[in-house]
Amino acid sequence: MNKDRVTGLLAFEDFLAESQGIIRSTSEKYLYLAFDVCDFHYINNQYGYDTGDAILGRIADILMETKDFAIISCREYSDHFACLCSYDGTEDEFVNETLFIFKKHVSDEFAGSDEAAYLNLNFGVYFVTDKNESAISCVDKANIARRTGKGNYNIPCVVYSEHLMDMKENSAKIIPVFNDSFHNERILVYLQPKICSETQKLVGAEALSRLMDKDGRMISPSVFIPALEKTGKIVELDFYMLNSVLKLLKKWLSKGLEPVPVSFNLSRLHFFSESLVDDINALVEYYEVPRKYVEIEVTESVFFEEENVIIDKVEKLRECGFKVSVDDFGAGYSSLNLIGVLPVDTIKLDKGFVKGSLKTKRGNDVIKGLIKILNDIELDIICEGVETKEEEEIISNYGCKEIQGYLYDRPIPVDEFEKKYLQV
Ligand code: C2E
Ligand code: CA
Ligand code: CA
């Protein structure tokens, strides 16, 4: 049998033939796993191909050493791996437990090294239902799932499902589902708390959308947002969310509660509209909600395009009394110059800082320095993606006290949020 020179794993063709043979000759339950390393080309560019190859070799070793994980594995090409695994329990157990153990072995192996910052793996899983399906078709489906989650730290593993993939691959299909949900009030508003790590008090919330199709299946933003952006429909969604946020704030105020500011996401497409500021103002006036309770999140990358047009509109929104924050700061190619000229209230540090940079000494120094600069120029800072107490402690010691992350809560339905945080 042929072996891959770099990893010692099976050659792809042999992997396909072997795995197909295994599945057809036994009665166990099987799945194909496809994964790759996020931004692997950075490792090659920064540390050279020898280091890149050594890392791929170590990942292959971990694959073989992790007990009861993969039956056989191969490297398809570059940093793309495929494995055949069997599983006894449920599909969820495989994704949340077995796969989690493998991921942990990989991050433990590289902990403390400079390359660790880049070693986020993207996984795609295809649970085999028909033993006669060809191996190549199964691997393709695992790869389609993998690509769906790619570049999104929220979704380290995507499980293939005909329904979701169909919509994801063909954005035209999501639009009728969106329209139907929109007209039948099946767009749900979830709230994620923003917490002060020193006082443990609620300081704000972000409104995030969820779509429910007519069969009651929940569709996540990673599936529908790209299609809505492509077609311009995102503008409707964002106004729907603003409307819902205002309704909610009005309800809280009328019950005598002191609300926290609630933010909503404003996609880049809005900035092409001449009437953006007037449209937002008209809604707020209709609901008679003080503007200090409404926060607008604008993704960092928006500020790189037609900077002056954007900055002008953002300034106008702030003059009206809205708070504006820069979302996903550091996810793209932030320039430090930008911080000095952005007319905003808050910088939201991207999840990537916690997931990547906190793993290395240099990364820690960068975040620490960045937080210091932001504090010196008196911008508010909030860190997204904080999942553990340790992460919170480090970020808080560096001077960022506000936290949004799974450590406190995932985005939750409004009624749950009200019960837990507002005693409504
Ligand atoms: P975002 O604006 O950066 O929102 C935060 C996302 O990070 C949410 O994902 C949230 O669930 C996730 N998150 C929060 N804490 C953690 C954590 O500790 N760990 C991890 N791994 N993830 C965490 P969600 O709700 O899936 O939304 C994904 C993106 O979809 C949002 O990213 C936003 O860009 C977009 N989106 C969602 N709703 C809307 C909307 O109504 N309008 C627009 N324009 N975009 C939206
Ligand atoms: Ca956001
Ligand atoms: Ca964000």
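Q: How many bridges join strand 2 to strand 3?
A: In this predicted model, strand 3 comprises residues 80–87 and runs antiparallel to strand 2. One bridge partnership pairs tyrosine 77 with histidine 80 of strand 3. The number of bridges joining strand 2 to strand 3 is 6.

Q: Which strands stand at the edges of the sheet, and why is one side of each left without a neighbour?
A: The sheet is open, has 5 strands with mixed pairing, and follows the order 2-3-1-4-5. Each edge strand has a single partner strand, so one side is left without a neighbour in the sheet. The edge strands are strand 2 (70–77) and strand 5 (157–159).

Q: What is the average twist from one strand to the next?
A: The strands concerned form the open sheet of order 2-3-1-4-5. From one strand to the next, the twist averages 20 degrees.

Q: What angle does the direction of helix 3 make with that of strand 3?
A: Helix 3 (residues 49–65) packs on the sheet, where it touches strand 1 (29–37), strand 2, strand 3 and strand 4 (121–127). Its direction and that of strand 3 make an angle of about 5 degrees.

Q: What angle does the direction of helix 5 make with that of strand 4?
A: Helix 5 (residues 135–149) also packs on the sheet, touching strand 1, strand 2, strand 3, strand 4 and strand 5. Between the directions of helix 5 and strand 4 the angle is about 135 degrees.

Q: Is leucine 336 buried or exposed?
A: Leucine 336 lies in helix 12 (residues 336–341) and contributes, with Ile373 and Ile377, to a nonpolar surface patch of about 270 Å². Its relative accessibility is 56%, and the cut-off for this class is over 50%. Leucine 336 therefore counts as exposed.

Conventions. Residues numbered from 1 in each chain as written. Chains lettered and ligands numbered in written order. Predicted model: local features only at pLDDT ≥ 70, side-chain atom pairs only at ≥ 80, totals over all residues. Heavy atoms only, no water. Patch = residues over 30% accessible without salt bridge, like charges linked within 9 Å, V, L, I, M, F, W, Y side chains within 5 Å. Areas by Shrake-Rupley, 256 points an atom, 1.4 Å probe, with all protein chains shown as cover. Salt bridge = Lys/Arg side-chain N within 4 Å of Asp/Glu carboxyl O. Helix = DSSP H or I, 4+ residues; strand = E, 2+ residues; numbered from the N terminus. Buried < 20%, exposed > 50% of the residue type's maximum accessible area, 1.4 Å probe, protein only. Pairing = 2+ DSSP bridges. Axes fitted to C-alpha atoms, helices over the stretch in contact; angles between N-to-C directions. Contact = heavy atoms within 4.5 Å.
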